[in-house]
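This report describes the surroundings of the bound ligands and one of the pockets. The reader is invited to follow the account alongside the sequence and the model.

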Amino acid sequence: MSAQFLSVNAKKHEGWLDWRWQLRNRIQSVDELYEYVNLTADEKQNIHMASDVFPMAITPYYASLINKADPQCPIRLQCIPDYRELIEGQSDMDDPLNEDSDSPVPGLTHRYPDRVLLLVTNECSMYCRHCTRKRKVGDNNTSIMDRDINQGIDYIKKHPEIRDVLLSGGDPLILPNACLERILRKVREIPHVQVIRIGTRVPVVMPQRITPELARMIKRYHPVWINTHFNHPREFTPDSIRALARLADAGIPLGNQTVLLRGINDCPMIIKKLVHLLVKSRVRPYYLYQCDLSRGIEHFRTPVAKGIEIMESLIGHTSGFCVPTYVVDAPGGGGKIPVLPNYQLSMTNTKTVLRNYEGVICVYDEPKNADFVCPPACAICKDHNIRHESVGLEELFDPQKQVISLVPEGNLRKARYTVRESKAHGY
Ligand SMILES: *Cc1c(COP(=O)(O)O)cnc(C)c1O
Ligand code: SF4
């Protein structure tokens with residue numbers, strides 16, 4: 001159905017509450033936008049150009065949240081294409097997180113020791129303009145087949161160290177219940193998988209999808225955790241609030257991942273309001289992401305300093321469970337690195353000097369003789385899923401290993417003395 005069939009007040013349409021209607025009636029061309037935003041001829045041209053490269057799709061529900069009169073509306077900026085997506089940024093990368101090289105089988109990323117990301121679709125109900133997987137999302141040439149998902153599930157079966165499986169995409173909740181249930185059942189059947197997680201933006205952009213049937217179905221595969229993706233207080237509506245309540249009432253622990261976006265939410269007050277609305281809806285703010293170096297999203301990036309400023313304004317100033325962890329997902333597959341303001345000012349053997357959120361400087365007296373001795377009856381480290389080989393910095397602390405330094409690959413000084421040593425030995 002195209003836009004001319006929508007009533008001017010689209011909300012009155014009888015299909016409005018049906019997620020399939022929302023999906024079928026997604027706005028995919030400039031001409032369908034007239035009901036929701038005022039556009040100049042130039043702006044229309046820009047949208048055409050940008051959506052040729054990165055497709056546009058907006059649910060009528062999300063579009064109805066746009067403030068027509070505000071060209072900087074935070075809802076508008078997240079869903080309507082912009083010519084700046086076509087500007088090549090100096091540090092842009094196609095795969096900044098190295099997800100492809102960390103993929104042992106198509107559609108599965110095994111980056112961290114005990115958990116994997118399983119991509120179950122490339123489709124989303126809406127295409128976020130700031131999406132870090134822009135090059136894949138909505139691209140029919142890289143669509144995910146049942147065969148890929150099955151290969152991913154086989155991989156998980158063969159790796160007993162995987163205790164947490166994160167279903168992602170695209171948006172897993174765009175799949176019909178039966179299809180999603182098939183995947184959940186297969187993953188749940190794997191004995192070593194303790195937790196299943198779903199990453200979804202559906203509660204924000206198509207809350208109608210969160211039906212009582214969906215919540216009941218997911219509940220059968222507990223423990224299932226859901227992480228959603230609210231970026232702005234304006235995304236809280238009676239519809240999205242009801243969707244969150246349904247999930248929470250089904251006993252699903254809810255988290256939220258926000259992306260820090262220039263011109264949309266890069267302000268301590270906006271984020272504070274956002275986290276307060278989240279916890280009111282029983283959603284724990286989980287991560288605040290620094291914007292990635294993906295192609296076409298440079299105009300959304302803020303300096304890392306902005307994130308620090310926001311954390312400074314949250315920690316101590318509001319409830320601890322309102323505060324997300326601010327992370328930079330490091331380019332080159334470095335993974336998520338948490339970044340915090342500095343609270344530790346100085347240290348001696350006997351004292352640690354700290355400052356609090358108000359700037360008060362305090363001293364903590366260290367205990368004497370605090371050597372660690374294993375409690376005699378404790379055997380937790382015998383559990384092979386808990387104990388692991390020390391890696392990276394841990395090696396420096398590992399008494400078994402006696403590692404005294406970690407040297408980056410290709411270190412020049414090291415190369416020089418290796419050559420010198422070889423010469424001295426007459427090789
Ligand atoms: C973010 C991410 C995870 C999950 O990380 P948590 O910190 O456990 O939420 C897992 N795998 C990949 C590849 C990721 O990017
Ligand atoms: S919902 Fe997620 S994966 Fe889909 S377009 Fe938005 S950010 Fe990208």
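A pocket, as the term is used here, is an open set of points on a 1 Å grid over the protein atoms alone, with protein on both sides within 12 Å along at least five of seven lines. Its volume is the space filled by probe spheres set on the points. The model under discussion is predicted.

**The second largest pocket**

By this construction, the second largest pocket holds about 370 Å³ of space. Its lining comprises 17 residues, and those nearest the centre are Pro71, Arg76, Leu77, Asp82 and Arg84. Sorted by class, eight of the lining residues are nonpolar, four are polar and five are charged.

Which helices each supply at least two residues of this lining? They are helix 2 (41-53) and helix 4 (74-79). Helix 2 gives the most, with three residues. At the level of domains, domain 1 (3-84) and domain 2 (108-338) each provide at least three residues of the lining.

**Ligand 1**

The shell around ligand 1 consists of Thr109, Arg111, Tyr112, Arg115, Leu117, Leu166, Arg197, Tyr286, Tyr287 and Lys336. In terms of class, this shell contains five nonpolar, one polar and four charged residues. Three strands, namely strand 1 (108-112), strand 2 (115-119) and strand 7 (283-289), each contribute at least two residues to the shell. Strand 1 makes the greatest contribution, with three residues.

Polar side-chain atoms of the following residues approach oxygen atoms of ligand 1:

| Residue | Distance from polar side-chain atom to an oxygen atom of ligand 1 |
|---|---|
| Arg115 | 2.6 Å |
| Tyr286 | 2.6 Å |
| Tyr287 | 2.4 Å |

How much of ligand 1 does the protein bury? Taken alone, ligand 1 exposes 380 Å², and the protein buries 88% of that area.

**Ligand 2**

Around ligand 2 stand Cys124, Met126, Tyr127, Cys128, Cys131, Val137, Gly170, Arg201 and His229. The class composition of this shell is six nonpolar, two polar and one charged residues.

**Synopsis**

Taking the sites in turn, the pocket lining draws on both domain 1 and domain 2, with helix 2 as its main contributor. For ligand 1, strand 1 gives the most to the shell, and the polar side-chain atoms near its oxygen atoms include one from Tyr287 at 2.4 Å. For ligand 2, the surrounding residues include Cys124, Cys128 and Cys131.

How values were computed. Residues are numbered from 1 along each chain as its sequence is written. Chains are lettered from A and ligands numbered from 1 in the order in which they are written. This is a predicted model: local features need pLDDT of at least 70, side-chain atom pairs count only at pLDDT 80 or more; totals for chains, interfaces and linings use all residues. Side-chain values use heavy atoms; hydrogens and water are left out. A residue is near a molecule or strand if one of its heavy atoms lies within 4 Å of it. A polar contact is a pair of N or O atoms within 3.5 Å; within protein, one must be able to donate a hydrogen and the other to accept it, and residues adjacent in sequence count only if both atoms are side-chain atoms. Accessible areas come from the Shrake-Rupley method with a 1.4 Å probe; for residues, only the protein chains shown count as cover. Helices (H or I, at least four residues) and strands (E, at least two) are DSSP runs, numbered from the N terminus. Ala, Val, Leu, Ile, Met, Phe, Trp, Tyr, Cys and Pro count as nonpolar, Asp, Glu, Lys and Arg as charged, and the others, Gly among them, as polar. On a 1 Å grid over the protein atoms alone, a cavity is a set of points where a 1.4 Å probe fits but cannot get out, and a pocket is an open set with protein on both sides within 12 Å along at least five of seven lines; lining residues have an atom within 4 Å of a point. Domain bounds come from an automatic or database domain assignment.
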